[in-house]
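Subject: Structure handover

Dear colleague,

I am passing on the structure shown just below, and I would be glad if you could read the notes that follow with it open.

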Amino acid sequence: MNLNDFYVLVDTENKEVIDKVQTLPKNWKNISGLPGLSDEKLEDLKWAGHHNLGWINIFSPKIKDFKMSPENLELNKNTLKVLVSEKRKENQNVPIDYKNGKFKLDIETRYSLFLLKNSNQKEINFKCTNGYFKFTQEEVSEIFDMIECEIQKNFDEEMKIYQKIDSCLSVVDFCKINT
């Protein structure tokens, strides 16, 4: 799971994080296309008339120059967990392939496959995202297991990241999350 798209708004004069972790807004104050700017340009927004503001990537080495109150740290840890969960859900929107069929990782597909794998049908017509396909009961069972394995892998990854987030004692520790 790549978390490199997360930034914090900072007060460049007081060297303090002043907002929560987030992806860069498309438009912010008088700046359009914020995500298209380089990190160097984002770090100090004097050029846009914001003399004490900047956006710092939470994995930038420069983050160590900024302090964060204990309350802001807890807010950011919780916010980061929500963002990680959203990334996990996005990962579950990517279908898996099996013998040319593309299968969603959604609850409806999982439930249908679960019921079908326990049926007595020898051949099963199943509607995938790219059309109808014919599978044996053994293949349906294999597809179900593949989907469950993929979903569990996503949850395991999310849990590892949550544990890293919980262990953060300062904003600098956020750099350790992506490893």
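Which residue in strand 6 is the bridge partner of Tyr7? The partner is Asn57, and before going further I should say how the model is to be read. This is a predicted model, in which local features need pLDDT of at least 70 and side-chain atom pairs count only at pLDDT 80 or more, while totals for chains, interfaces and linings use all residues. Residues are numbered from 1 along each chain as its sequence is written, and side-chain values use heavy atoms, with hydrogens and water left out.

Strand 1 (6–11) and strand 6 (residues 53–57) pair in the antiparallel sense over five bridges; two strands pair if DSSP finds at least two bridges between them. Helices (H or I, at least four residues) and strands (E, at least two) are DSSP runs, numbered from the N terminus. Strand 6 is largely enclosed by the rest of the structure, because five of its five residues are buried, where buried means under 20% relative accessible area, exposed over 50% and partly exposed in between, with a 1.4 Å probe and protein chains only. Leu53, Trp55 and Asn57 lie on one covered side of strand 6, and Gly54 and Ile56 on the other.

Strand 9 (residues 123–128) instead has a covered face, formed by Ile124, Phe126 and Cys128, and an uncovered one, with Glu123, Asn125 and Lys127. Strand 9 pairs with strand 10 (residues 131–136) in the antiparallel sense over six bridges, and a hairpin joins the two through two residues.

The largest nonpolar core (a set of buried Ala, Val, Leu, Ile, Met, Phe, Trp, Tyr and Cys residues joined through side-chain atoms within 4.5 Å) has 22 residues, of which Val21, Ile58, Leu80, Phe174 and Ile177 touch the most other members. Strand 1, helix 2 (70–91) and helix 4 each give two or more residues to this core, and the largest share, four residues, comes from helix 2. Apart from it lies another core, of 15 residues, among them Ile96, Tyr98, Ile124 and Phe126.

Lastly, the axes of helix 3 (residues 107–117) and helix 4 (residues 137–166) come within 9 Å and cross at roughly 145 degrees; axes are lines fitted to C-alpha atoms, for helices over the stretch in contact, and angles run from 0 to 180 degrees between N-to-C directions. Among the residues that meet there are Leu113 and Phe114 in helix 3, and Phe144 and Ile147 in helix 4, where contact means heavy atoms within 4.5 Å.

With best wishes
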